[in-house]
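Below are some comments on the model, set out as numbered points. Please read them with the structure open.

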Amino acid sequence: MKRNARDGIYNILYTKENAQELVADLYYKDCLSLQRKKTAAESLGAWVRPANMRVAPDRRRWMAWEDRVLLQLNDDAAAAKELGRTQKGCYVRLWRLRTGKVPLPTDK
């Protein structure tokens, strides 16, 4: 992820229903706004999810205790059974922990 060139900030992208909820909060009836922004907000409010577009489930965040189990077992297949996660998910998380892509869990 890179910062934008003009302002040096990160741009946050909202899509689909999340974008509709945000726009409804920001561009409520009779709010003060630029006409072009209000027009864009209204067109987003008319969006309807196509029947064949699946809804991605909420992602389950990794907890420190799960990271500790994963590191202790050091086996993505065994950890998947133990943690109720997919083997691929455990494999990727273990790789990220080993390579420093995510911080190691702190001991409590």
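**Notes on the predicted model**

1. R93 and D67 form a salt bridge through their side chains, at 2.9 Å from N to O. This is a predicted model, and that applies to every point below. The pair ties together distant parts of the chain, since R93 lies in helix α5 (residues 87-99) and D67 in helix α3, 26 residues apart. Both ends have little accessible area: R93 counts as buried because its relative accessibility is 13%, under the 20% cut-off, and D67 counts as buried at 4%.

2. Salt bridges with shared partners connect R60, E66 and R85 into one network. Within it, the closest N and O atoms of E66 and R60 are 2.9 Å apart. Are the two residues of this pair buried or exposed? E66 is buried, with a relative accessible area of 2%, whereas R60 is partly exposed at 46%.

3. The structure contains six salt bridges. Another of them joins the side chains of K29 and D30, with N and O 3.9 Å apart. That distance falls within the 4 Å limit, so the pair is counted. K29 is exposed, its relative accessible area being 72%, and D30 is also exposed, at 63%. As background, side chains of opposite charge can pair when their charged atoms come close.

4. The packing of two helices deserves a check by eye. Helix α3 (residues 64-73) packs against helix α4 (residues 76-83) at an angle of about 145 degrees, and the axes are 9 Å apart. On the α3 side the contact is made by W65, E66, V69, L70 and L73, and on the α4 side by A78, A79, E82 and L83. The crossing of α3 over α4 is right-handed. E66 thus appears twice in these notes: in the contact with α4 and in the salt bridge with R60.

5. Which residues have a positive phi although they are not glycine? K16 is one, with a phi of about 55 degrees, and N74 is another, also with about 55 degrees. K16 is in helix α1, while N74 is in the loop between α3 and α4. Neither side of this pair is fully covered: K16 counts as partly exposed at 36% relative accessibility, and N74 counts as partly exposed at 46%. For reference, most residues other than glycine have a negative phi.

6. On the surface, I12, Y14, L22 and L26 make a nonpolar patch of about 410 Å². L22 belongs to helix α1 (residues 16-26). With a relative accessible area of 30%, L22 is partly exposed.

7. The last point concerns a loop. P50 sits in the loop between α2 (35-45) and α3, and counts as partly exposed at 36% relative accessibility. How far apart are P50 and W65 in space, C-alpha to C-alpha? The distance is 39 Å, with their positions 15 residues apart in sequence. W65 is also one of the α3 residues in the contact with α4.

Notes. Residues numbered from 1 in each chain as written. Predicted model: local features only at pLDDT ≥ 70, side-chain atom pairs only at ≥ 80, totals over all residues. Heavy atoms only, no water. Patch = residues over 30% accessible without salt bridge, like charges linked within 9 Å, V, L, I, M, F, W, Y side chains within 5 Å. Areas by Shrake-Rupley, 256 points an atom, 1.4 Å probe, with all protein chains shown as cover. Helix = DSSP H or I, 4+ residues; strand = E, 2+ residues; numbered from the N terminus. Buried < 20%, exposed > 50% of the residue type's maximum accessible area, 1.4 Å probe, protein only. Axes fitted to C-alpha atoms, helices over the stretch in contact; angles between N-to-C directions. Left-handed = near helix turned anticlockwise from the far one by under 90°. Contact = heavy atoms within 4.5 Å.
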